[in-house]
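Trainee: Please take a close look at one part of this model with me, the helix interior, and then work outward from there. I'd like the cut-offs spelled out as you go.

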Amino acid sequence: MTTILLHVRLPRVVLGFLVGRCLAAVGVALQALLRNPLADPYVLGVSSGAALGVSIALLFGVGSTALTVTALPICGFIGSLVALVVLYRMAASYDRLPIYSVLLAGVILTAICSALIMFITSIMDPNRSFGMMTWLMGSLTAPTYPTLLVFSLYALVCLGLLFRQVKVLNIMAFGEEAARSLGIDTECAKRHIFLVSALATGAVVSVTGMVGFIGMVVPHAV
């Protein structure tokens, strides 16, 4: 009983709590920043970008090294950051981010990343590709305590950095012109929030795979 509680149930509960909190925080940050009620790491293709980064790392054998626990979140961060930059470049028009353009760009980005992930899966060893497909579907399988500890560090740092931007996000929800008139450096704030959102999403995806719609639903429910 003790083994089941401490090594199966407890890690899964803590992981679910941290994953939900990270995705919800990133979702509400992106919704305020983009002024888009449908913004979400999964919808915008950020999760797919993180999954692509982790898939490339696994293809080159990072998953079989001793640095897996710390390296995979970094690979996911790079993938999600690239996805965010591409999304912003695709959707931005005269320094504006129209809702329909953002959503369309997110759908396109998700399709491209998914196709690349499927290609990577097809050229991997069959034994490894099966495990990778299970991971991509999203899973809260009980992690080991070292994995949970490293992920907790990533999650708590990202949450702390996002909570420091609460006042800025509240102001930016009214528009960039209003924020600039109140003395907010909007470009610096956007870069900061994009970086933290990418890091949080990359860490989540590296551990649980792609978990969809939490970042969109939870902020509205709250």
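Mentor: Let's start with what "buried" means: a residue is buried under 20% relative accessible area, exposed over 50% and partly exposed in between, using a 1.4 Å probe and protein chains only. Before we go in, this is a predicted model, so local features need pLDDT of at least 70 and side-chain atom pairs count only at pLDDT 80 or more, while totals for chains, interfaces and linings use all residues. Residues are numbered from 1 along each chain as its sequence is written, and side-chain values use heavy atoms, with hydrogens and water left out.

Ala-29 is our way in. It sits in helix 1, where helices are DSSP runs of H or I with at least four residues, numbered from the N terminus. With a relative accessible area of 1%, Ala-29 is buried. What covers that side? Setting aside neighbours within four places in sequence, Ala-29 is in contact (heavy atoms within 4.5 Å) with Leu-162, Leu-169 and Ile-193. There's a long-range pairing here too: the C-alpha atoms of Ala-29 and Val-196 are 9.9 Å apart, although their positions lie 167 residues apart along the chain.

Follow the chain past helix 1 (2–34) and you get to Arg-35, in the loop that leads to helix 2. Its phi is near 50 degrees, a positive value in a residue other than glycine. Arg-35 has a relative accessible area of 32%, so it counts as partly exposed.

Helix 2 covers residues 46–59 and holds Ser-55. A serine might make you wonder, but Ser-55 has 0% relative accessibility, so it is buried. Where does its polar side chain turn? A polar atom of the Ser-55 side chain lies 2.7 Å from the backbone oxygen of Ala-51. Ser-55 also touches Ile-117, Ile-120, Met-132, Trp-135 and Leu-136, leaving out residues up to four places away in sequence.

Thr-186 makes a good companion to that serine. It belongs to helix 9, residues 186–208, and is buried at a relative accessible area of 3%. Again skipping residues up to four places away in sequence, Thr-186 touches Met-172, Glu-176, Ala-179 and Arg-180.

Now the cysteines, which you'll want to know about at the bench. A search of the whole structure turns up 0 disulfides, a disulfide being a pair of cysteine sulfur atoms within 2.5 Å. Cys-113 can't form one because its closest cysteine sulfur, in Cys-75, is 15 Å away, too far for a bond. Cys-188 is in no disulfide either, and its nearest cysteine sulfur, that of Cys-158, is 17 Å off. As for cover, Cys-113 is buried at 7% relative accessibility, whereas Cys-188 is partly exposed at 39%.

Last stop, the outside. Ile-108 is in helix 4 and is partly exposed, with a relative accessible area of 36%. It is one of the residues in a nonpolar surface patch, others including Ile-74, Val-86 and Leu-116, with about 760 Å² of accessible area together. Patch residues have over 30% relative accessible area and no salt bridge, with like charges joined within 9 Å and nonpolar side chains (Val, Leu, Ile, Met, Phe, Trp, Tyr) within 5 Å. A salt bridge is a side-chain nitrogen of Lys or Arg within 4 Å of a carboxyl oxygen of Asp or Glu. The areas come from the Shrake-Rupley method with a 1.4 Å probe, and for residues, only the protein chains shown count as cover. Helix 3 (68–91) and helix 4 (99–123) each supply at least two of the patch residues, and helix 3 gives the most, with 5.

Definitions and conventions: A polar contact is a pair of N or O atoms within 3.5 Å; within protein, one must be able to donate a hydrogen and the other to accept it, and residues adjacent in sequence count only if both atoms are side-chain atoms.
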